[in-house]
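Me: I'm new to this one, so I'd like to ask how a few of the labels were reached. Can we go through them one by one?

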Amino acid sequence: MQNKNSKINLRNGIIDSHFHLFHMKKRGMNHLEIIEQCFDSGLEYALDIGINPENFQERIKTALKYPGLYTAHGYYPSECTSKELDSSLAYLESCLSNDSKALALGEIGFDFFHEYGNKSLQEALLRDQLKIADKLDLPVIIHSRDAEAETLQILANETPSRGGIIHCFSYSAETALKFIDMGFYISFAGNLTYKKSKTIQQAAALIPVDRILLETDAPYLSPQKVRGLMNHPGYIGYTYDCLAEIKNINIEELIPVINNNFKTLFRL
């Protein structure tokens with residue numbers, strides 16, 4: 001179990017646009033103590049992401065306890081084979097409609113790295129959720145792994161009215177600009193800091209800073225300086241430092257830009 005104080009790297013106004021609070025709990029982390037420490041140390045906003053219905057209600061109740069903690073709910077591509085998908089989608093819509101802290105629908109999308117059903121099933125699940133997002137006037141949070149062409153195509157054909165985030169971006173700058181033209185923000189995770197992530201770093205260098213968000217995807221993808229440790233929002237500062245270096249700007253200039261991007265997208 002990690003010490004809640006280990007290497008907290010935060011400044012006032014920093015945000016974490018994507019993390020999984022209850023995945024931290026599953027990994028044996030003191031998830032509530034850690035998030036409290038992060039808010040006390042300068043974290044202003046953090047968006048807790050849901051990927052299946054097992055913990056929606058617990059996450060909704062937890063977010064009410066922390067002013068800066070918000071939620072998003074969605075069905076990950078792995079849910080595409082659910083035999084109760086229609087009732088699950090109705091439940092998703094109900095949770096989003098009745099959660100005062102819900103900012104977005106997600107994380108949803110394509111994942112062809114893992115064998116989740118097939119492409120048709122994943123696409124059907126994504127389309128259904130895009131319709132719910134438009135119905136509820138919510139942005140979407142998109143997961144896209146080994147599915148660049150498919151993600152571009154469906155979002156071009158069924159562009160969400162409120163836009164959203166391409167989370168944990170891993171494609172080229174050219175692809176990032178296509179998503180930006182559709183109204184999306186590009187979010188970079190801890191893998192931005194890895195030495196071998198040249199394509200991701202080149203994308204971060206070229207796209208406008210006013211279309212960028214930063215995330216931990218905790219407890220996954222710990223930044224380079226804390227690789228080997230389970231990730232949490234207290235490590236988001238390392239990714240901020242990396243982006244500031246890539247963009248050749250002062251960290252104190254970067255923080256309010258990313259903060260404003262988050263507020264603009266989610267109308268805070």
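Me: Where does E107 sit, and what makes the bond before it worth a look?
Reply: E107 belongs to strand 4, which covers residues 102-111. The peptide bond leading from G106 to E107 is cis, with omega near 20°. Keep in mind that this is a predicted model.

Me: Which residues does the other cis bond join, and where is P219?
Reply: That one links A218 and P219, with omega about 10°. P219 is in the loop between strand 8 (212-214) and helix 9 (236-247).

Me: L221 is in that loop too, I see. Why is L221 called partly exposed rather than buried or exposed?
Reply: L221 has a relative accessible area of 28%. Buried means under 20% and exposed means over 50%, so L221 falls in between and counts as partly exposed. Its phi is near 55°, a positive value in a residue other than glycine.

Me: And how do you know that N248 is exposed?
Reply: The relative accessible area of N248 is 70%. The cut-off for exposed is over 50%, so N248 gets that label. N248 lies in the loop between helix 9 and helix 10 (251-266), and its phi is positive too, about 55°, although N248 is not a glycine.

Me: What makes helix 5 and helix 6 a packed pair?
Reply: Helix 5 (residues 119-136) and helix 6 (residues 148-157) have axes 12 Å apart, at an angle of about 35°. Their crossing is right-handed. K119, E123, L126, R127 and L130 of helix 5 make the contact with E150, I154 and L155 of helix 6. Contact means heavy atoms within 4.5 Å, so these residues meet that cut-off. By class, four are nonpolar, four are charged and none is polar.

Me: How many residues line the largest pocket, and which are closest to its centre?
Reply: The largest pocket holds about 460 Å³ of space. It has 19 lining residues, and Y76, H143, R145, C168 and D217 are the closest to its centre. Strand 5 gives the largest share of the lining, three residues. The classes come out as six nonpolar, eight polar and five charged.

Me: What lines the second largest pocket?
Reply: T193, K195, Q224, K225, Y238, D241, C242 and E245 line the second largest pocket, which has about 160 Å³ of space. Two of its lining residues are nonpolar, two polar and four charged. Tyr and Cys count as nonpolar, so Y238 and C242 are the nonpolar two.

Definitions and conventions:
Residues are numbered from 1 along each chain as its sequence is written. This is a predicted model: local features need pLDDT of at least 70, side-chain atom pairs count only at pLDDT 80 or more; totals for chains, interfaces and linings use all residues. Side-chain values use heavy atoms; hydrogens and water are left out. Axes are lines fitted to C-alpha atoms, for helices over the stretch in contact, and angles run from 0 to 180 degrees between N-to-C directions. Helices (H or I, at least four residues) and strands (E, at least two) are DSSP runs, numbered from the N terminus. A crossing is left-handed if the near helix is turned anticlockwise from the far one by less than a right angle, and right-handed if clockwise. Buried means under 20% relative accessible area, exposed over 50%, partly exposed in between (1.4 Å probe, protein chains only). On a 1 Å grid over the protein atoms alone, a cavity is a set of points where a 1.4 Å probe fits but cannot get out, and a pocket is an open set with protein on both sides within 12 Å along at least five of seven lines; lining residues have an atom within 4 Å of a point. Grid points are joined across faces, edges and corners, and a volume is the space filled by probe spheres set on the points.
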